[in-house]
Amino acid sequence: MTLPPSSNDHSANFEMYRNAFDKSPAPTIVTRLNDGLILNVNPAFEHWTGNSRDNLVGRSTSQDLAWLRPAEERWLDIPKQGMRLCRSSAQLFTLGGEETIISLFQDITDEHQQQQSIQHNEAHLQVLADFEDLLFLQT
């Protein structure tokens, strides 16, 4: 087992955080707070959106910054996927003297659709149960 680098080993710390960012399965984007300029995205974000890092870095985000509310669920228009329900979380931090945001996303569209289907089925079963009770009372 490799121990984490000491806080004095800046290059090792950088490498550890770079690896964590790059290997994270959660689509992650780093933007500047004042103008939404994209500073970095991880490979999961590239895969999720179908856009390369080179295409994204240096552009301004097209979405408003409402995604910054912690654990908010909202619909986002994801290129090549369409509208997807996403849960996002974000954290402000300072990078090079500028307020910066790191945002992580989780696509919960499938779970949302499954939950809606369950609720629909429960409502249908309740109607059937009520109908059965009504038939029982009439006999």
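**An aromatic cluster in a predicted model**

Ring pairs join Phe45, Trp48 and Phe105 into a cluster. This is a predicted model, in which local features need pLDDT (the predictor's confidence in each residue, from 0 to 100) of at least 70, side-chain atom pairs count only at pLDDT 80 or more, and totals for chains, interfaces and linings use all residues. Residues are numbered from 1 along each chain as its sequence is written, and side-chain values use heavy atoms, with hydrogens and water left out.

Visitor: Is the pair of Phe45 and Trp48 stacked or edge-to-face?
Guide: Rings of Phe, Tyr and Trp (its six-membered ring) pair if their centres lie within 6.5 Å; planes under 30 degrees apart count as stacked, over 60 as edge-to-face and the rest as tilted. The centres of the Phe45 and Trp48 rings are 6.0 Å apart and the planes stand at 65 degrees, so the pair is edge-to-face.

Visitor: How many residues apart are Phe45 and Phe105?
Guide: These two form a tilted aromatic pair, with 6.2 Å centre to centre and 50 degrees between the planes. Phe45 lies in helix α2 and Phe105 in strand β5 (residues 98-107), helices (H or I, at least four residues) and strands (E, at least two) being DSSP runs numbered from the N terminus. The pair links distant parts of the chain, and the separation is 60 residues.

Visitor: Is Phe105 buried or exposed?
Guide: Buried means under 20% relative accessible area, exposed over 50%, and partly exposed in between (1.4 Å probe, protein chains only). Phe105 has 4% relative accessibility, so Phe105 counts as buried.
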